[in-house]
Amino acid sequence: MRRTMVMLATVLICSGAMAARVVPVSDVAALRAALQAAAPGDDIVLAAGTYVVDSNLNCAANGTSAAPIRVRAAVPRSVILRFGSSGGIVEGFRVSGAWWQLDGLDIEGACAVDGNCEHAVHVFGDAEHLLLRDNVLRDFNAQLKGNGVAQGGVYVYPDDVIVEYNRFYDTRARNTGNPVTKLDVVGGRRWIVRGNTFSDYQKLAGDGVSYAAFLKGNSRDGVFERNLVRCSQAFSGGVRLGLSFGGGGTSPDAICEDGSCTPEHQGGIMRNNIVMSCNDVGIYLNKAANTRLQHNTLYATSGIDVRYAASTAEVRNNLLGGAIRLRDGGTSTNAGNLTGVTAINFAAWFQAPDAADFRLRDGAAFVGLGVAAPQTVDDFCANRRSDGAPDIGALEYDLQHRCATDSGGGVPLRLFADGFDG
């Protein structure tokens, strides 16, 4: 990289009400200086290139709702931030301030010991309103970690975090007994996890169990929507689950919201997700109270588990191979679901489900056959469900919008296979 250089340019925010600094940086030292000196409204812009980072980057200043602090690539994903370790634990960006945005970055773990590369982004304490958008995060044990910290004897948690349109994956199995979950959140309220792609995660040591993403620790009102989860795409092995409220549980109670880990989550919604190629369940509810599961498609998984007495769920309009299982006292009300769908059915109904291509061949078994699900007004592709006869599963097969389904949130393209729609 070039020599350290921090250049400050003042520009006006669109409203004209206040000024913000554009801070171009082109090496690691300049990036550290910009983060340390960050003020509300700063736009920290990284020049294209590879930044080799040997210790954590701290984001402790507070932005505001009108003037967040943004860190972005000048050209999206033209910047690789490669985090290594000389022996300590790597947490990448440590976000403890409010109103930060990380946008268009490629964040890579490159530790000699897998157990050292813990997180690409760690958001903790009173770090409200983080926005993580359009990034690639790979080769960490838990790419995004969220949790509370004690302040004045009381735990505080990051709330109102938005995680959207990112790609989370590993290039190989993680040789560690530490938790391997691409998004691992303990506590916090109103997290929205939208339009992301999760793939290829495996824990080699310990219990060998890994997840795409979970919210737990008595967190509240979380939303998983329009995500694509491919548990096994480039490689397979271990025990892999998809999306979860509750994960594997939390201990001790002191680290959970209100000092109790029962329930693990309250008031969560999972809607319009595609979860596939998992050798365990695609959706796991562990002590997840008042959960709504609506319009998800689960292919090549063992289905949905609703587990323990604290888990209560309304399950509507989901299309899945496998079953909806009630375990250890879990309860649910079910309507409009299509379960036990075989691989032969999937192949007959969709273009190439193994390749996450869910263009329609034959929808007679589920198109227009769903029940009312008021909390779900669109589909995986953000196409409105507006005809009064919702389709079962994550996609609404009408002519209003068409997209490819091999990335989270969909990509505009033809939704129907040739010959179906005339």
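Asn317 is buried, its relative accessible area being 0%. The residue belongs to the predicted model shown above, and its position is the loop between β35 (312–316) and β36 (319–320). Its backbone is also notable for the sign of one torsion angle: phi of Asn317 is near 60 degrees, a positive value in a residue other than glycine. Most residues other than glycine have a negative phi.

A second residue with this feature is Asp221, whose phi is near 55 degrees, again positive in a residue that is not glycine. Asp221 is placed in the loop between β23 (219–220) and β24. Here the relative accessibility is 41%, so Asp221 counts as partly exposed, whereas Asn317 is buried.

Beyond β24 (223–225), the chain enters the loop that leads to β25 (228–230), and Asn227 lies in this loop. Is Asn227 buried or exposed? Its relative accessibility is 0%, which is under the 20% limit, and therefore the residue counts as buried. The side chain of Asn227 has a polar partner in the backbone: one of its polar atoms lies 2.9 Å from the backbone oxygen of Val193.

Gly63 offers another case of a buried loop residue, with a relative accessible area of 10%. The loop in question runs between β5 (57–59) and β6 (69–73). Gly63 and Asp42 are 21 residues apart along the chain, and their C-alpha atoms are separated by 8.4 Å.

The loop between β26 (239–245) and β27 (265–266) contains Pro252, and Pro263 lies in the loop between β26 and β27 as well. Both prolines are involved in cis peptide bonds. The bond between Ser251 and Pro252 is cis, with omega at about -5 degrees. The bond between Thr262 and Pro263 is likewise cis, with omega at about 0 degrees. Most peptide bonds are trans.

From the backbone, attention may pass to the open spaces of the model. The largest pocket has a volume of about 200 Å³. Of the 13 residues in its lining, Pro179, Tyr211, Phe214, Lys216 and Gly248 are the closest to its centre. Which strands contribute at least two residues each to this lining? They are β19 (180–186) and β22 (209–216), and β22 gives the most, with four residues. By class, the lining of the largest pocket comprises five nonpolar, three polar and five charged residues.

Two of the residues closest to the centre of the largest pocket, Tyr211 and Phe214, also form an aromatic pair. A search of the whole structure finds 13 such pairs. The ring centres of Tyr211 and Phe214 are 5.2 Å apart and the ring planes stand at 80 degrees, so the pair is edge-to-face; angles over 60 degrees fall in this class. Tyr211 and Phe214 are both buried.

The second largest pocket encloses about 160 Å³ of space. Its lining has 13 residues, and those nearest its centre are Tyr165, Asn166, Thr197, Ser407 and Gly408. The class composition of this lining is three nonpolar, seven polar and three charged residues, to be set beside the five nonpolar, three polar and five charged residues that line the largest pocket.

The interior holds a closed space as well. A search of the whole structure finds one cavity of 30 Å³ or more, and the volume of the largest cavity is about 40 Å³. What lines the largest cavity? The residues are Thr297, Leu319, Phe350, Phe358, Phe366, Ile392, Gly393, Ala394, Leu395 and Tyr397. Eight of the lining residues are nonpolar, two are polar and none is charged.

Several aromatic residues of this lining recur in a cluster of rings. Ring pairs link Tyr299, Phe346, Trp349, Phe350, Phe358, Phe366 and Tyr397. Among these, Phe350, Phe358, Phe366 and Tyr397 also line the largest cavity.

Aromatic rings take part in contacts with charged side chains too. Arg167 lies over the face of Tyr169, at 4.0 Å from the ring centre. Lys287 is found over the face of Tyr308, where the distance to the ring centre is 5.6 Å.

Key. Residues are numbered from 1 along each chain as its sequence is written. This is a predicted model: local features need pLDDT of at least 70, side-chain atom pairs count only at pLDDT 80 or more; totals for chains, interfaces and linings use all residues. Side-chain values use heavy atoms; hydrogens and water are left out. On a 1 Å grid over the protein atoms alone, a cavity is a set of points where a 1.4 Å probe fits but cannot get out, and a pocket is an open set with protein on both sides within 12 Å along at least five of seven lines; lining residues have an atom within 4 Å of a point. Grid points are joined across faces, edges and corners, and a volume is the space filled by probe spheres set on the points. Ala, Val, Leu, Ile, Met, Phe, Trp, Tyr, Cys and Pro count as nonpolar, Asp, Glu, Lys and Arg as charged, and the others, Gly among them, as polar. Rings of Phe, Tyr and Trp (its six-membered ring) pair if their centres lie within 6.5 Å; planes under 30 degrees apart count as stacked, over 60 as edge-to-face and the rest as tilted. Buried means under 20% relative accessible area, exposed over 50%, partly exposed in between (1.4 Å probe, protein chains only). A charge sits over a ring if NZ of Lys or CZ of Arg is within 6 Å of the ring centre and within 35 degrees of the ring normal. A polar contact is a pair of N or O atoms within 3.5 Å; within protein, one must be able to donate a hydrogen and the other to accept it, and residues adjacent in sequence count only if both atoms are side-chain atoms.
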